Amino acid sequence: MILDHKIPSATYGILQQNTPASSLDEAAEQVKNLGYAVLDSGYSALELENISNEFNQVRERYIQTNGESHLRSINEFHTIRALLTHGGETFLKLAFNPNLISILKILISGKFILNQQNGIVNPPQETYNQSAWHRDLPYQHFVSTKPLAINALFCVDDFTLENGSTFVLPASHKSEAYPSEGYVQKRAIQVEAKAGAFILLDCMMFHAGGFNKTNSMRRAVNHVFNIPYFKQQINIPINMKNINLSSEEQEILGFNYAESVSISSFLLKRSREIL
Ligand SMILES: O=C(O)CCC(=O)C(=O)O
């Protein structure tokens, strides 16, 4: 008997089918179904080198400003908060990467804002603050028919099995509870990706950074984008330094969604919207 391992393509009884028209649509289909996908940023080798150098420079300044022992004492040593607010345009441009923005428009219905952009270091031979299973809307146990928040984890370095590429629990954004320990051990998979890729995660899918067995750090930049009803981790608009932004960029950075400080300022905003 000849065993045929070909995946069947014939169907019956199907009235509806997804019809992705591009590779972005295909990646979006995977994020919706499984909770994760890998997306190419389209950057050249030179652009990636610039991002890598800038990451190290900003990290050095960040540690000088905030103090290594202080950062270590609050479990923040392996994170650089609000990268795009540190001056320079490298990380601002990263947040507006055209492939990324296009897929976010497919994934999140209506408006979305950048909730946070952080540099993440997975240190060699050491656990770090992202190595425990979590959702990026932590402490939340609900399911949603559409993504409300997406994490775009930009790989500054190659993400490999050895250097602790991200573990995911596929489709766990579709269940309220965190699964049993046995399920986690059987079903978790590790996502490998090249430097320059974004690992896209539905923020409600459980994930964790893996253990980095190599002798080099593994660097990434995470971006959480969400519907404008969730507040930012750090207020981005008031921390942006004199940079020209288009009206779409301002909207994505949350300039239009600050809480009104009083009823009169709310009413003033309303009257401007109506004009
Ligand atoms: O570093 C990683 O692989 C995971 C990052 C992560 O968990 C996060 O950005 O929420």
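What follows is a conversation between a visitor and a guide about a predicted model.

Visitor: Why is Lys-186 called exposed?

Guide: Lys-186, whose place is in helix H6 (residues 181-187), has a relative accessible area of 65%, and because exposed means over 50%, Lys-186 is called exposed.

Visitor: Why is Ser-41 called buried?

Guide: Ser-41 is found in the loop between strand E1 (36-40) and H2, and its relative accessible area is 6%; since buried means under 20%, the word applies to Ser-41.

Visitor: Which residues does Ser-41 touch, not counting residues up to four places away in sequence?

Guide: With that neighbourhood left out, Ser-41 touches Asn-97, Asn-99, Phe-154, Gly-196, Ala-197 and Phe-198. In addition, a polar atom of the Ser-41 side chain lies 3.4 Å from the backbone nitrogen of Tyr-43, which falls within the 3.5 Å allowed for a polar contact.

Visitor: What makes the pair Arg-72 and Glu-68 a salt bridge?

Guide: The N to O distance between their side chains is 2.9 Å, and because a salt bridge requires a nitrogen of Lys or Arg within 4 Å of a carboxyl oxygen of Asp or Glu, Arg-72 and Glu-68 qualify. Both lie in helix H3, four residues apart, which is about one turn of the helix.

Visitor: Why are Arg-72 and Glu-68 called partly exposed?

Guide: Arg-72 has a relative accessible area of 42% and Glu-68 one of 38%; because buried means under 20% and exposed means over 50%, with partly exposed in between, both residues take the middle term.

Visitor: How do you know that Lys-194 and Asp-158 form a salt bridge?

Guide: Their side chains meet at 3.7 Å, N to O, and that value is within the 4 Å cut-off. This pair links distant parts of the chain, with Lys-194 in the loop between strand E6 (189-190) and strand E7 (197-202) and Asp-158 in the loop between E4 and strand E5 (167-168), 36 residues apart.

Visitor: What are Lys-194 and Asp-158 called, buried, exposed or partly exposed?

Guide: Lys-194, with a relative accessible area of 59%, is exposed, because the value is over 50%, whereas Asp-158, with 32%, is partly exposed.

Visitor: Where is a salt bridge formed by Arg-81?

Guide: Arg-81 forms one with Glu-76, the closest N and O atoms being 2.8 Å apart, and here Arg-81 is buried, and so is Glu-76. The structure holds seven salt bridges, and in general side chains of opposite charge can pair when their charged atoms come close.

Visitor: How do you know that the span of helix H2 is close to what is expected?

Guide: Helix H2 (residues 45-66) has 22 residues and reaches 31 Å from its first C-alpha to its last, which is set against the 32 Å expected at 1.5 Å a residue. Among its buried residues are Phe-55, Val-58 and Tyr-62, and the buried residues of H2 pack against several elements, including helix H3 (68-73) and strand E3 (113-122). Just after H2, Gly-67 takes a positive phi of about 85°.

Visitor: What makes the approach of His-134 to the ligand a polar contact?

Guide: A polar side-chain atom of His-134 lies 3.0 Å from an oxygen atom of the ligand, and because a polar contact is a pair of N or O atoms within 3.5 Å, this pair qualifies. The distance to a ligand oxygen atom is 3.1 Å for a polar side-chain atom of His-207 and 3.0 Å for one of Asn-222. Taken alone the ligand exposes 300 Å², of which the protein buries 99%.

Technical notes:
Residues numbered from 1 in each chain as written. Predicted model: local features only at pLDDT ≥ 70, side-chain atom pairs only at ≥ 80, totals over all residues. Heavy atoms only, no water. Helix = DSSP H or I, 4+ residues; strand = E, 2+ residues; numbered from the N terminus. Expected span 1.5 Å × (residues − 1). Buried < 20%, exposed > 50% of the residue type's maximum accessible area, 1.4 Å probe, protein only. Contact = heavy atoms within 4.5 Å. Polar contact = N/O pair within 3.5 Å; in protein donor to acceptor, adjacent residues only side chain to side chain. Areas by Shrake-Rupley, 256 points an atom, 1.4 Å probe, with all protein chains shown as cover.
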